[in-house]
Amino acid sequence: PLRPKIYYEQCLDKLYNSSPTDHLDAFAQAILLLAMASAALGTDHFAWGDVLFERVKASLTAFDDVVNLQTIQISLHLISSYHPFLLFTD
């Protein structure tokens, strides 16, 4: 987890109860969807994890050349979601 639990709860609230003035930016939405994809992989709904993962990858192609803290965090989420064994090998 790169963010505290309350961060994800607030993002979910903004995602599902959004108003025109209160919405998630592209990076926050990507991090939230990747967290949901990671959580889905360990359940009976693992196919949704794959769908969310692919959606995030497709939505962030415009940011391929951007390097900032958020893009690095998203890259880490993508790596750990798609290849969890890469981060936790001995």
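**Two salt bridges, five helices and a core**

Lysine 57 and glutamate 54 are 3 residues apart in helix α3, which covers residues 46-59, so about one helical turn separates them. That spacing matters for what follows. An α-helix has 3.6 residues a turn, so residues three or four places apart point the same way. Side chains of opposite charge can pair when their charged atoms come close. Here, lysine 57 forms a salt bridge with glutamate 54. The closest N and O atoms of the pair are 3.7 Å apart. A salt bridge requires such atoms to be within 4 Å, so this pair qualifies. Keep in mind that the model is predicted.

How open to the surroundings are the two partners? Lysine 57 is partly exposed, at 38% relative accessibility. Glutamate 54 is also partly exposed, with a relative accessible area of 41%. Partly exposed covers the range between buried, under 20%, and exposed, over 50%, so both values fall in the middle class.

How many salt bridges does a search of the whole structure find? The search finds 2. The other one sits in helix α1, residues 5-16. Lysine 5 pairs with glutamate 9, and their closest N and O atoms are 3.8 Å apart. These partners are 4 residues apart in α1, so about one helical turn lies between them. Lysine 5 is exposed, with a relative accessible area of 64%. Glutamate 9 is partly exposed, at 39%.

Now step back to the whole chain. The protein has 5 helices and 0 strands. Along the sequence the pattern reads α-α-α-α-α. There are 90 residues, and buried residues make up 26% of them. The accessible surface comes to about 6,400 Å². Carbon and sulfur atoms account for 61% of that surface.

Next, look along α1. Does its length fit its number of residues, or does it not? At 1.5 Å a residue, its 12 residues should span 16 Å. The end C-alpha atoms of α1 are 17 Å apart, which agrees. Inside α1, Tyr7, Tyr8 and Cys11 are buried. Seen down the axis, the buried residues of α1 fall within an arc of 95°, so they line one face of the helix. The face turned away from that buried side carries the exposed residues Lys5 and Tyr16. Lysine 5 is also a partner in the salt bridge with glutamate 9.

Leucine 15 belongs to α1 as well. At 26% relative accessibility, leucine 15 counts as partly exposed. Which residues does leucine 15 touch, not counting those up to four places away in sequence? They are Leu24, Gln29 and Leu32. Follow leucine 32 for a moment. Leucine 15 and leucine 32 are 17 residues apart in sequence, and their C-alpha atoms are 9.2 Å apart in space. Glutamate 9 and leucine 32 are 23 residues apart along the chain, with 9.4 Å between their C-alpha atoms.

Then return to α3. Its 14 residues should span 20 Å at 1.5 Å a residue. The end C-alpha atoms of α3 are 20 Å apart, which agrees. In α3, Gly49, Leu52, Phe53 and Val56 are buried. These four cover an arc of only 100° around the axis, which puts them on the same side of α3. On the other side of α3, Arg55 and Ala58 are exposed.

Finally, go inside. In soluble globular proteins, nonpolar side chains tend to be buried together. In this model, the largest nonpolar core has 17 residues. Tyr7, Val56 and Ile74 have the most contacts inside this core. Helices α1, α2 (26-40) and α3 each supply at least two residues of the core. Which helix gives the largest share? It is α2, with 8 residues. Two of the core residues with the most contacts have already appeared: Tyr7 among the buried residues of α1, and Val56 among those of α3.

Isoleucine 74 completes that trio. Leaving aside neighbours within four places in sequence, isoleucine 74 is in contact with Phe27, Ala30, Ile31, Leu34 and Leu60. Contacts between distant parts of the chain add up across the protein. Among contacts with a separation of 6 or more, residues 24 or more positions apart account for 50%.

Technical notes:
Residues numbered from 1 in each chain as written. Predicted model: local features only at pLDDT ≥ 70, side-chain atom pairs only at ≥ 80, totals over all residues. Heavy atoms only, no water. Salt bridge = Lys/Arg side-chain N within 4 Å of Asp/Glu carboxyl O. Buried < 20%, exposed > 50% of the residue type's maximum accessible area, 1.4 Å probe, protein only. Expected span 1.5 Å × (residues − 1). Arc of directions from axis to C-beta. Core = buried A, V, L, I, M, F, W, Y, C linked by side-chain atoms within 4.5 Å. Contact = heavy atoms within 4.5 Å. Areas by Shrake-Rupley, 256 points an atom, 1.4 Å probe, with all protein chains shown as cover.
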